[in-house]
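Q: Please give me a close look at the aromatic side chains here, and at how they sit in the rest of the chain. Keep it informal, and spell out the cut-offs as you go.

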Amino acid sequence: MNKWSNAANIVFEETKAALQTVYAALNQGQQQKLLKENSVKELFDRYGVEYAE
């Protein structure tokens with residue numbers, strides 16, 4: 001893997017972890033409200049964030 005792919009992978013994983021942390025810090029009502037926003041749900045899906053539907 002070249003250095004650019006490796007760097008992109010690192011940023012991807014850091015972003016995924018940050019999004020997962022933010023989601024986990026919210027209460028259930030806040031989580032549900034957040035997921036009603038299509039742009040947020042698409043972002044979570046793009047980064048593989050685990051969430052309850």
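A: Of the 53 residues in the chain, 17% are buried, where buried means under 20% relative accessible area, exposed over 50% and partly exposed in between, with a 1.4 Å probe and protein chains only. Keep in mind that this is a predicted model, where local features need pLDDT of at least 70 and side-chain atom pairs count only at pLDDT 80 or more, while totals for chains, interfaces and linings use all residues. Residues are numbered from 1 along each chain as its sequence is written, and side-chain values use heavy atoms, with hydrogens and water left out.

First, the frame. The chain has three helices and zero strands, running α-α-α from the N terminus; helices (H or I, at least four residues) and strands (E, at least two) are DSSP runs, numbered from the N terminus. The radius of gyration is 13 Å, against near 10 Å for a compact globule of 53 residues; it is taken over C-alpha atoms, and the globule rule is 2.2 Å times the number of residues to the power 0.38. The C-alpha trace spans about 40 × 20 × 15 Å along its principal axes.

Now the aromatics. There are four aromatic pairs in the structure. One of them joins Tyr-23 and Phe-44, edge-to-face, with 5.7 Å centre to centre and 85° between the planes. For the cut-offs, rings of Phe, Tyr and Trp (its six-membered ring) pair if their centres lie within 6.5 Å, and planes under 30 degrees apart count as stacked, over 60 as edge-to-face and the rest as tilted. Tyr-23 sits in helix H1 (residues 3–25) and Phe-44 in helix H3 (residues 38–47), so this pair ties together parts that are 21 residues apart in sequence. Tyr-23 and Phe-44 are both buried.

Tyr-51 joins Tyr-23 and Phe-44 in one aromatic cluster. Tyr-51 belongs to the segment after H3, and it counts as buried because its relative accessibility is 18%. Leaving aside residues up to four places away in sequence, Tyr-51 touches Tyr-23, Leu-35, Lys-41, Phe-44 and Asp-45, a contact being heavy atoms within 4.5 Å. Tyr-51 and Gln-20 are 31 residues apart in sequence, yet 8.5 Å apart in space, C-alpha to C-alpha. Chain-wide, among contacts between residues at least 6 apart in sequence, 50% join residues at least 24 apart.

For another buried spot, look at Val-40 in helix H3: Val-40 has 18% relative accessibility, so it counts as buried. Val-40 and Gln-28 are 12 residues apart in sequence and 16 Å apart in space, C-alpha to C-alpha.
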